[in-house]
Amino acid sequence: MADLLPEHPEFLWRNPDPKKSYDAVIVGGGGHGLATAYFLAKNHGMTNIAILEKGWLAGGNMARNTTIIRSNYLWDESAAIYEHALKLWEILPEELEYDFLFSQRGVMNLAHTLGDVRESMRRVGANKLNGVDAEWLDPQQVKELCPILNINDNIRYPVMGATYQPRAGIAKHDHVAWAFARKCDELGVDIIQNCEVTGFVKDGNRVTGVKTNRGTINTEKVGLCAAGHSSVLAEMAGFRLPIQSHPLQALVSELHEPVHPTVVMSNHVHVYVSQAHKGELVMGAGVDSYNGYGQRGSFHVIEHQMAAAVELFPIFARAHVLRTWGGIVDTTLDASPIVGTTPVENMFVNCGWGTGGFKGTPAAGLTFAHTIATGTPHELNKPFALERFETGALIDEHGAAAVAH
Amino acid sequence: MLLISCPNCGSRDETEFHYGGQAHVAYPENPNELNDREWAEFLFYRDNTKGAFAERWLHSTGCRQWFNMLRDTVTYDIQAVYPMGAARPDKSAPAPESGTASTAPDSTTTGTAAPSIAATSTATSTAPASATAPEGATK
Amino acid sequence: MAKTAALTGVNGLRDIRRSPASHLAEALDAGSVRGQVVLNEGPFQTMAGVRVDPRSEGGSRIAAVTGGLPVRCGEVTGTDSISVLWLGPSEFLVVAPEAAHDSLGGTLIGSLVEALGDAPGQVVDLSANRTTFELSGPQARAVLEKGCALDLHPRSFTPGTALNTEVGNIPVVLEKTGEESFRLFPRASFADFLGRWLLDAMREYGSPEVP
């Protein structure tokens, strides 16, 4: 039987009306917005702040991801920020006093071609140099760790090995949101739901307020954490972002006895699978090719994903799809996020996390809070500035991002 | 799954097509004169419109021709299909002249063989339920 | 694939040529359900890819060799022995019996190259690019419909029509040659997959009907 889920705390958070003004306003009440507000309050003493959420708390990508957490990225800049995030994940359940079921069950990234093998081994080497626990597994070792994987060489894309990060894993995504939300509330942050931003008030090039469907809110600083809708907000504020929003789908099966002990990702055949604490198989698909804000994707993408899943895990052929859904991912050309200042004074942006924002949540919050509070980026997010698209100092993580786009 | 009306082949499944991103992005006339900011705009910045979006599509499994499409990125409704090189058929603007896909600089056509097609043909109004080209698609 | 003694080709290479689905020949035979649906890999064909503006002089010269060029999606033109399939507004696939190939004493490719001359366009020998599956019988359409989104009903898909589309997620040219017969032209590397896919789709017609 799967482990019992922990009980929720009796009290979670208030549901306040917006005040006339705040020291800072965070737009977007998902994981990144909540984490940013938490670190603003905790690390920088900014407690007169609000999170504005147009829908309900953590109802966007935070509710729609496959909860995978890992830090095995290729480049120094990415390894630094994602590894910092992983270290925060390790201490956050205690710090937030909320067991959000962070399970370090390891993540495998399969290699199916010689090119994959070379790229993966290179990444393992790079990871080790950056202090990231990564190792290379041959097919036998893959099978030992995940016995339900088909490692026969008679399939179209046989498993030729895998990178493995033992400290990686999954967490319960809504519990993460609730953990941050509860602490934010405790520290005095106003979490305002059903509050949609409709525009910004500017004094010259400086932002001074946020227009919402619940009135105008004055603020000294604005932090955008709206993932797929970042471009829409940036347009309201009068600048452009180099991101494209795409539908990304995932699905779950009905509940099963524990069969899948780790997390398996395959960039090549395009599926990633874990088994959630309750027992459902959680699988992610690829992005739809076209831009879309519809929070739904195409059936053929799921069909492709299922074909890949059943070839890798023949046992899944008898599982049933229980539920499918889509989120809106904000992709950049180098598959790396944008965290930093914007052309508008006192307005900051955290976006472009694309298909892998969940794992970055704590580090996004920490570095973005630093950027908002001090007006300058943290060492960790300095390389992820918007300016890199002008300087050409891109951080190409398409190989490690695991979802092609 | 989108049902896309190819100007040459008629209504086909989305899986036969390849997405080409935002339409009407011209290559800079004098690339050497661009500053870093302008070059970044051309290389990395594309509109990410929520609503009606003009984009390029290639019927890669079919006639291998590019065309433009006006599609709503929220409802995914296809509002217009029109040739490469033709102006975006805005609701207020008059429908552009029929164009030939082959004269567009980024068309894959080798000659001037592409048929002229109605610039504002929409997926629903001109796509018959048949597998063959819509009436008037070729002349 | 039975060897044709007359066709020895250059340096005897013809003798060792194997068709892309030849390893499936027995399976195709065993999987065919006589009176329902029959599948086999067709003989080698001579195929040429032609890109030319059909309204140009070069296009007219090509048309004179092939017996016309189709002008719209789906149309097939040609002579008794040559079929010209429409692939795009200026792209065509010329299909003829194997013996038409220049290496076997024929003249098709050379004549097309000569007809194009210096005109803009190209003629490429694609004889080894695609193989041919022949699917026929009263259930042939039903088999295809399992993996093809086009409307294959006879009211819209008529004999003498060929469409570039997908069958079983594989890009193919699908030609309707008769009321109940089709030719599928997949690229060689997809022949194995498509052959097995078609066999799988045919299986139900070999099983006893469930009352």
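Helices and strands here are DSSP runs, numbered from the N terminus. With that naming in hand, a tour of this predicted model can begin at a single histidine. A:His260 sits in the loop that joins β12 (243-255) to β13 (263-266) of chain A. Is this histidine buried or exposed? Because buried means under 20% relative accessible area, A:His260, at 3% relative accessibility, counts as buried. Its side chain reaches the backbone oxygen of A:Val273 at 3.0 Å. A:Val273 is also one of the residues that A:His260 touches once those up to four places away in sequence are set aside. The others on that list are A:Arg105, A:Cys146, A:Ile148, A:Ser274, A:Gln275 and A:Phe313.

Strand β12 of chain A, which leads into this loop, appears again where chain A meets chain B. There, 28 residues of chain A are in contact with 23 residues of chain B. The two chains bury about 2,300 Å² between them, and carbon and sulfur atoms give 50% of that area. On the side of chain A, A:Arg240, A:Tyr290 and A:Glu390 supply 31% of the area buried against chain B, more than any other three residues.

Charged and polar pairs also link the two chains. Three salt bridges are counted between chain A and chain B. A:Arg240, already met as a contributor of buried area, forms a salt bridge with B:Glu41, with the closest N and O atoms 2.6 Å apart. Across the same interface, 18 residue pairs are found in polar contact, both residues being at pLDDT 80 or more. Which elements of chain A supply at least two residues each to the side that touches chain B? They are α6 (230-237), β12, α7 (299-312) and α9 (388-391). The largest share, four residues, comes from β12(A).

Attention now turns to the nonpolar interior. The largest nonpolar core has 66 residues, and those with the most contacts inside it are C:Leu135 and C:Leu198. Helix α6 (residues 191-202) of chain C gives the largest share of this core, seven residues. Both domain 1 (20-43 + 131-211) and domain 2 (44-127) of chain C contribute at least three residues each. C:Leu198 offers a view from within: leaving aside neighbours within four places in sequence, this leucine is in contact with C:Leu39, C:Phe133, C:Leu135, C:Val143, C:Leu144 and C:Leu184. Apart from this core lies another, of 53 residues, which includes A:Leu34, A:Tyr38, A:Ile69 and A:Leu92.

How values were computed: Residues are numbered from 1 along each chain as its sequence is written. Chains are lettered from A and ligands numbered from 1 in the order in which they are written. This is a predicted model: local features need pLDDT of at least 70, side-chain atom pairs count only at pLDDT 80 or more; totals for chains, interfaces and linings use all residues. Side-chain values use heavy atoms; hydrogens and water are left out. A nonpolar core is a set of buried Ala, Val, Leu, Ile, Met, Phe, Trp, Tyr and Cys residues joined through side-chain atoms within 4.5 Å. Buried means under 20% relative accessible area, exposed over 50%, partly exposed in between (1.4 Å probe, protein chains only). Domain bounds come from an automatic or database domain assignment. Contact means heavy atoms within 4.5 Å. A polar contact is a pair of N or O atoms within 3.5 Å; within protein, one must be able to donate a hydrogen and the other to accept it, and residues adjacent in sequence count only if both atoms are side-chain atoms. Buried area is the accessible area (1.4 Å probe) that two parts lose on being put together, summed over both. A salt bridge is a side-chain nitrogen of Lys or Arg within 4 Å of a carboxyl oxygen of Asp or Glu.
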